[in-house]
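Notebook open, model loaded. I want to go through some strand pairings, one helix contact and the confidence scores.

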Amino acid sequence: MKSKLCQDVCKNYMNATSSEHERKIVRNATAHLRANMKQDNPDDLPYQVASLIFLSLNGANADFAQIYIINLVSSNRFSYKLIGYMAAQLLIDQFQDLVVLMTQSILKDLESRDKNVINIVLHLIANIGSPDLCKSCAKQVKNLLNYNHPRIKKAAGAAVLHIVKTCPDLASEFTMPLLSMFNLNDHNMLMIGSKLAYEIYPHIPENEDYWLNITYQVLRCATTLLKTNNTSSPYHIAGLENPFLQASLLKCLERIAKPSIELDTYLVDVIQSVELKRAVGRSLVVQATEVIQKVAQKESLRALAINTVAKMLYLEYPTIIYTALSVFCKILYRGNEIINRNSSYTQALSRHRAKIISCLDHRDPFIRRRALEVITALVNGENIESLFPEIMKYVQFADSDFKSSIIFKIFYLVQNFAPSLHWNIDAVLEILHSCGNYVSNEIISKFTEKIGKNQRLQEYALPLLEQLLQDYPENQAIVQVASYLIGEFSYNFNENVLPTMVAIAKMPQTSHETINYILIAIAKYSYRFQIVDESVFNFFESFTKSDNIEIQQRTGELIRILKNPAASDELLVSMVYDEEKDQAITPYASDLSVVLELNKIKSAQSTSSVLISTQDSIKQLLETPVITPPPRSTEVLQTNDLAIYFEVSKNPVNRQQFCIRSSIFNKTSKQLTNFRIKYGVPTGWTSYCKDNEIKNLHPSPVPLQNLVMIESKTNTPLIMKVLLSYSINGENINSIENLKNFNHLL
């Protein structure tokens, strides 16, 4: 066994003829090693662990060997320590308790006189040092930064960097050693120093004199490296002296530097001296542009950076073009929000608008997407008329998974920057026409609300929508918008409207949601122009057998309403705009109550027998219990049978705990028997409900109340659901409903 063990394992694995054969070799070798390790032969242990390192890299579970690794680490032989520390870095996680068992061995080895032992220990700390281990050995690692061997100093620097990232409270311990790292003769320590300064600064930014000194050192080293052109240097790459180090120094300056003339001079040299056709040159320009964005003193420097990056757009290499567009996106956006449309960056980019627009036709979809994001950020009131057609031309051919989000952005651009109301309507109709299948419900809601508020817009938009309804009957978004607005606000009779909507409703590709829009529109339109005849009732009757329960219910309600003149007078009138409430409302007071009363009619009799007077409607209305919500409560659920209101209070001691008083009202005139409600919360929340036994919910102004205690264990958003179970008129009802409009109370 011994030295040949690892070689044999590797050889057998390499000679495997299939993936299944490889897995079989790994399983057999792992089982063989597990059995042999139990024999506790110290001479074979390093070879066995070395074999396990190879097997673990190929999918084997080597957790059983962790205790043997600790034995190797505590050995006095360097060869055993080397394998032990290597295996520890690969097979032991920094958050496992086993790291604590190695702490004493690590502290002892840091005091060793053998630089090889010190080196492997520092590498372990840099890779898997746990917070406790970092705190224990921080002082010794700090002393090793002054070791007289360059390899030890480099490993100590890497360990210090990991210690600061893992234990930020120790950052102040390494401020003085940081000053000695900016030595141009040692590029390794200079790289570590720049990264360490970048990590330490957020934790102790108040010492301005210290950071001014560090900034001077970093700027001095960066300037010297930029001007160095020693082709014989081992760090010389593509005409630049160690471009990786220069990029790291620029990133450090982005965080720690303050605006100054010296910094501006250096950034100008970087922008103007590098060659954009080379990847290393572009990387420095990109990094310098980010520094300019944060700390440049002169505004002209920002324009210079934009113009330099824009030159990449003309190089015709896809990777270079994508890099330039990505830089522009990073400058113009913070997250998903546009920073400032009137900034100097935006003005500088406007000069290259034509070239960015041309990227919308690029064969690479990623470039097209980036170009569209940049163009979207450049849109303002002055250029939207010229940019909108270009954007829409691309959006029609954009990726489907990207199209919905960009259409949402375009819609809000139109709302914010439209030069006139009529242009706004035309632009949104173009969006609906071109990308109707990707238009969200929010866009439809906002657009119809805008038209509903303005009678002049209604006069302009309704003829257009009537024509679009006939021209594009398969476009669901256009049909929904047109049906809603025609049904609510059309006062000019068009003999083609009703036949068109009837035909669309019967088309197989029409969605259930669109059919609901059409049903209500036909009911209102036909009643408004007094054309409620047998053909209209036959149309509604055809949908009472629909396979969609909502369409069935909606159709039955509309038939009963149309056969009831008093209810029709109240429920089928047009909406009007209430300036005080800033919303469109129906011009009557008893809308919901009349609907609830209509729902109690079990079957529609002949038209003459169902007709009732307005006085009878009011009498029936009085039989329904009046719901008075509790003070400071919020409606979270409204169904045909009941309404639920929430009152929420926080625990003053634990802000993650909430108490909810739920008030449940019976909206019908019948008793809801065997009523039970269960509250559900997502993973990361816990809930407990008091008084949750089965009860009868009476038709009374007094609600059924119960207390619900919930507590957040994580940052998961709260989405509550309820399971409702009850009986009414002999029918058992079981439904799951989403609760809404209460998160603002938490």
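Which strand pairs with strand E9 (residues 657-666), in what sense, and over how many bridges? I looked it up: the partner is strand E13 (residues 704-712), the sense is antiparallel, and there are eight bridges. This is a predicted model, so I keep that in mind for everything below.

**Entry 1: around E13.** To fix the register with E9, I noted that Gln 657 stands opposite Glu 711 in E13. E13 also pairs with strand E11 (residues 685-689); here I found five bridges, and the two strands run antiparallel. For a register mark on that pairing, I took Tyr 688, which has Met 709 of E13 opposite it.

**Entry 2: the open sheet.** Next I went to an open sheet of four strands, and I wrote down its order as E12-E10-E14-E15, with antiparallel pairing. Why do E12 and E15 each have one side left without a neighbour in the sheet? Strand E12 (695-697) and strand E15 (731-738) stand at the edges and have a single partner strand each, so one side of each stays free of a sheet neighbour. I also checked the twist: on average, neighbouring strands of this sheet are turned by 35° against each other, direction ignored.

Within this sheet I picked out the pairing of strand E14 (residues 721-728) with E15, which is antiparallel and has eight bridges. Val 722 has Glu 737 in E15 as its bridge partner.

**Entry 3: H26 against H28.** Two packed helices are described by the angle between their axes and the distance between the axes, so I looked up both. The axes of helix H26 (residues 455-471) and helix H28 (residues 497-505) come within 10 Å and cross at roughly 40°. That angle makes H26 oblique to H28. As for handedness, I have H26 passing H28 in a left-handed crossing.

Which residues make the contact? From H26 I listed Glu 466, Leu 469 and Gln 470, and from H28 Val 497, Thr 500, Met 501 and Ile 504. Sorted by type, the residues of this contact are four nonpolar, two polar and one charged.

**Entry 4: confidence.** The protein chain has an average pLDDT of 84, and 90% of the residues score at least 70. One stretch I flagged is residues 588-622, where the pLDDT is below 50. In the model this stretch still has 47 contacts beyond near neighbours in sequence. Where pLDDT is low, the predicted coordinates should not be read in detail, so I left those contacts alone.

Note on methods:
Residues numbered from 1 in each chain as written. Predicted model: local features only at pLDDT ≥ 70, side-chain atom pairs only at ≥ 80, totals over all residues. Heavy atoms only, no water. Pairing = 2+ DSSP bridges. Axes fitted to C-alpha atoms, helices over the stretch in contact; angles between N-to-C directions. Parallel < 35°, antiparallel > 145°, perpendicular 65-115°, else oblique. Left-handed = near helix turned anticlockwise from the far one by under 90°. Contact = heavy atoms within 4.5 Å. Nonpolar A, V, L, I, M, F, W, Y, C, P; charged D, E, K, R; others polar. pLDDT = per-residue confidence, 0-100.
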